[in-house]
Amino acid sequence: MWMYNRTLRRLGEGNAFFTTAWIVAIIGCEVVLPAVYIIGCRWPWPNQSSPKSITRVLLITDPQLTDQYSYRQPNGIRLRLTELYSDLYMRKNYALLMAFRRPDAVIVLGDLFDGGREWGVGDPRFEHDLRRFQRIFRRNLIMSTPAHADSKSEMGFYVAAGNHDVGFGSTVVRDAYERYVKVWGKPNYSFTLGGHAIVVLDTVSLSAGKNDYRFDGRPYDTASSNAATEFLDEFSKSQSSADKSLLSNILISHIPLFRPPTASCGPKRYNPELRQGAGYQYQNLVTEQLSNSILSIVKPVLVFSGDDHDYCFAQHKIGDQIAVEHTLPTFSWMQGNSHPGYMLLTLAAWEEPMQNEGAVQLCRLMPQIPVFVVYVTLFSLMLLTMLVRAWRSRSGGSGRLPGSYGRGMMTKFNVLRQLLRTSVVSLAVYMSSVLFWNAV
């Protein structure tokens with residue numbers, strides 16, 4: 001009996017230990033460590049000191065909300081759990097960015113949804129995904145949208161069109177494109193931010209006809225590509241005015257610009273090098289001819305692109321100048337990159353507009369897969385420990401078979417009770433973190 005009572009005390013001590021371990025693990029993985037990643041990546045500072053003004057811009061790409069199209073999941077609990085973990089990760093990190101980095105503006109470089117172009121007019125799945133997007137990024141959606149980009153405000157939330165939103169090139173989906181314009185505004189626009197002209201260009205629509213890597217000569221809807229071409233023409237004419245030509249231009253393109261097949265993305269990339277390729281409703285790079293045309297008209301000092309889901313550094317020569325392009329990693333952990341990220345851009349304005357400059361910093365979000373590894377490992381250790389203690393209690397601590405069937409059954413009951421208690425407490429702590437991130 002003394003041995004049995006001591007075993008029960010050990011089970012209780014083990015329960016307290018694992019309960020504490022679960023609380024520490026959940027708070028650490030869901031709150032503390034994500035915040036550490038955000039706090040550890042600071043705003044970059046321009047090369048020159050004492051600028052006239054500083055504007056801080058948060059750049060995000062390819063949130064690409066995981067939905068029914070992503071893994072061909074039917075409506076049900078699996079799809080809801082997939083959406084929950086996809087959204088929770090981005091909502092949590094975005095809330096931390098708003099709290100600790102407080103950007104003056106946010107620009108999303110396209111692919112807002114994964115199945116956006118697949119949902120027809122009036123499809124409730126699009127409305128469902130739009131509500132999800134608004135919940136994740138709601139803090140800035142009330143500020144402004146591209147539809148209001150003609151205003152003088154230097155604060156806002158701006159988006160670019162991605163191939164998952166409207167389709168690509170010669171196969172842009174007319175209904176999806178028109179819905180995008182209705183919800184977000186025109187996909188081609190420019191505005192002034194921090195002494196720079198931000199040029200958001202719909203390169204997915206521009207990549208039609210001869211600029212479509214897989215174009216087969218069949219007729220296609222030219223409405224979206226014509227709109228992008230007209231915007232480029234008008235922008236080119238506007239650059240002749242003295243006041244605008246002094247501003248440094250920054251190009252926002254969902255599709256990365258062309259670079260030679262031998263070009264390297266640099267050491268900050270995790271996946272294989274970025275190369276030209278194409279498939280259903282996508283193309284890895286803008287064609288060389290179109291890239292040269294865009295660069296010669298916009299003449300950007302910086303280019304930011306997405307689509308590839310991993311980071312890539314590239315340089316483009318424009319006459320005697322160099323334009324630096326940063327292709328950003330996806331903001332989601334469910335889009336083929338286990339190291340999601342974002343970019344911080346500091347725009348410095350001076351008395352002389354030609355001195356205006358931008359400084360960039362690539363940042364990574366806390367990986368999600370290791371979090372699940374921690375949870376599975378901790379649960380396995382907890383279960384194994386309790387099973388071993390139950391077996392030892394049944395054998396009297398010596399490894400022999402128990403002499404009393406009832407005592408063994410009572411020990412099993414206590415093990416299950418302790419396991420249930422720990423699980424309930426852990427689940428309560430985890431759900432509290434979920435509710436917290438959905439409320440902030």
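Me: A salt bridge is a side-chain nitrogen of Lys or Arg within 4 Å of a carboxyl oxygen of Asp or Glu. How many salt bridges does a search of the whole structure find?

Reply: This is a predicted model, where local features need pLDDT of at least 70, side-chain atom pairs count only at pLDDT 80 or more, and totals for chains, interfaces and linings use all residues. Residues are numbered from 1 along each chain as its sequence is written, and side-chain values use heavy atoms, with hydrogens and water left out. Searching the whole structure, the number of salt bridges comes to twelve.

Me: Which residue forms a salt bridge with Arg80, with the closest N and O atoms 3.0 Å apart?

Reply: Arg80 sits in helix α2; helices (H or I, at least four residues) and strands (E, at least two) are DSSP runs numbered from the N terminus. Helix α2 spans residues 77-100, and the two partners are three residues apart in it, so about one helical turn separates them. The partner of Arg80 is Glu83.

Me: Is Glu83 buried or exposed?

Reply: Buried means under 20% relative accessible area, exposed over 50%, and partly exposed in between (1.4 Å probe, protein chains only). Arg80 counts as partly exposed because its relative accessibility is 37%. Glu83 has a relative accessible area of 6%, so Glu83 is buried.

Me: Which Arg forms a salt bridge with Glu83, with the closest N and O atoms 3.6 Å apart?

Reply: The closest N and O atoms of this pair are 3.6 Å apart. Glu83 is in helix α2 and its partner in helix α3 (residues 124-136), so the pair ties together parts that are 49 residues apart in sequence. The partner is buried, at 1% relative accessibility. It is Arg132.

Me: Which residues are linked with Arg80 in a network of salt bridges?

Reply: Glu83 pairs with Arg80 and also with Arg132. The network takes in two Asp residues as well, Asp87 and Asp129. Linked with Arg80, then, are Glu83, Asp87, Asp129 and Arg132.

Me: Which residue meets Asp308 in a salt bridge?

Reply: The N to O distance is 2.7 Å. Asp308 lies in the loop between β9 (300-305) and β10 (312-318), and its partner in the loop between β6 (248-253) and β7 (278-279), so the pair ties together parts that are 39 residues apart in sequence. The partner is buried, with a relative accessible area of 12%. It is Arg269.

Me: What is the volume of the largest cavity?

Reply: On a 1 Å grid over the protein atoms alone, a cavity is a set of points where a 1.4 Å probe fits but cannot get out. Grid points join across faces, edges and corners, and the volume is the space filled by probe spheres set on the points. The count is five cavities of 30 Å³ or more. The largest has a volume of about 70 Å³.

Me: Which helix gives the most to the lining of the largest cavity?

Reply: Lining residues have an atom within 4 Å of a point. They are Phe113, Gly116, Phe126, Asp165, Ala176, Arg179, Tyr180 and Trp184. Four of the lining residues come from one helix, residues 174-184. That is helix α6.

Me: What is the area of the nonpolar surface patch made by Ile27, Val31, Val32, Leu33 and Val36?

Reply: Patch residues have over 30% relative accessible area and no salt bridge, and nonpolar side chains (Val, Leu, Ile, Met, Phe, Trp, Tyr) are joined within 5 Å. One member, Leu33, lies in helix α1 (residues 2-40) and is partly exposed at 37%. The patch made by Ile27, Val31, Val32, Leu33 and Val36 covers about 360 Å².

Me: What phi does Asp62 have?

Reply: Most residues other than glycine have a negative phi. Gln64 is not a glycine, yet its phi is positive, about 40 degrees. Asp62 lies in the loop between β1 (53-60) and α2 and is buried, with a relative accessible area of 0%. The phi of Asp62 is also positive, near 50 degrees.

Me: Where is Lys317 found?

Reply: Lys317 is exposed, with a relative accessible area of 68%. Its C-alpha atom is 9.8 Å from that of Lys299, 18 residues apart along the chain. Lys317 is found in strand β10.

Key: 1 Å grid on protein atoms, 1.4 Å probe; cavity = no way out; pocket = protein on both sides within 12 Å on 5 of 7 lines; lining within 4 Å. Patch = residues over 30% accessible without salt bridge, like charges linked within 9 Å, V, L, I, M, F, W, Y side chains within 5 Å. Areas by Shrake-Rupley, 256 points an atom, 1.4 Å probe, with all protein chains shown as cover.
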